[in-house]
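Here is a short report on the empty spaces in one protein model. Look at the structure first, then read on.

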Amino acid sequence: DPLPALPARAPGAACLDLPTFVIFACLDPDGTGSVPVAAMRSFATRCLGFPLQAAANAAATCDLSGLGVVAYKDFRKYMEHLDVQRLTHRTQDELRALFALREAVRSVVEIASQPEGTSRCAG
């Protein structure tokens with residue numbers, strides 16, 4: 001089965017502007033490195049705007065192990081597939097803004113995850 005296409009007006013599509021690792025971290029608050037297929041299905045329905053069957057297909061596509069969980073590497077590959085769909089319809093200015101946002105988020109996460117006293121931010 002082909003991967004479902006992202007609906008033109010996905011309700012939570014703005015969250016897709018975030019780096020994939022941030023989205024995954026929100027779905028995996030315990031930091032296990034995988035999310036239940038049910039969480040992926042819910043994400044596909046609520047954020048991506050997929051109908052129930054397309055959401056189930058997307059979740060199943062990402063569960064390559066067949067164990068009922070989606071590993072980060074498989075989630076990332078799927079999100080990259082969706083990104084290609086979304087980015088083809090963006091202007092150069094929109095793409096620059098998107099990449100700047102993603103880089104800023106990465107920088108903040110990097111700073112926030114450094115041990116106390118080693119931050120690069122000047123106070």
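A pocket is an open set of grid points with protein on both sides within 12 Å along at least five of seven lines, whereas a cavity is a set of points where a 1.4 Å probe fits but cannot get out. The model described here is predicted.

Start with the open space. The largest pocket holds about 180 Å³. Its lining includes Leu-18, Pro-19, Thr-20 and Phe-21. Further along the chain, Tyr-72, Arg-76, Glu-80 and Asp-83 join the lining, as do Phe-99, Arg-102 and Arg-106. Three helices, α1 (20-27), α4 (72-87) and α5 (92-112), each supply at least two of these residues. The top contributor is α4, with four residues.

Now the enclosed space. How many cavities of 30 Å³ or more does a search of the whole structure find? The search finds one. This cavity has a volume of about 50 Å³. Leu-16, Leu-18, Thr-20 and Ile-23 are among its lining residues. So are Met-79, Glu-80, Leu-82, Asp-83, Arg-86 and Arg-102. Here α1 and α4 each give at least two residues. Again α4 has the largest share, this time five residues.

The table sets out the two spaces.

| Space | Volume | Nonpolar lining residues | Polar lining residues | Charged lining residues |
|---|---|---|---|---|
| Largest pocket | about 180 Å³ | five | one | five |
| Largest cavity | about 50 Å³ | five | one | four |

Leu-18, Thr-20, Glu-80, Asp-83 and Arg-102 line the pocket and also line the cavity.

Technical notes:
Residues are numbered from 1 along each chain as its sequence is written. This is a predicted model: local features need pLDDT of at least 70, side-chain atom pairs count only at pLDDT 80 or more; totals for chains, interfaces and linings use all residues. Side-chain values use heavy atoms; hydrogens and water are left out. On a 1 Å grid over the protein atoms alone, a cavity is a set of points where a 1.4 Å probe fits but cannot get out, and a pocket is an open set with protein on both sides within 12 Å along at least five of seven lines; lining residues have an atom within 4 Å of a point. Grid points are joined across faces, edges and corners, and a volume is the space filled by probe spheres set on the points. Ala, Val, Leu, Ile, Met, Phe, Trp, Tyr, Cys and Pro count as nonpolar, Asp, Glu, Lys and Arg as charged, and the others, Gly among them, as polar.
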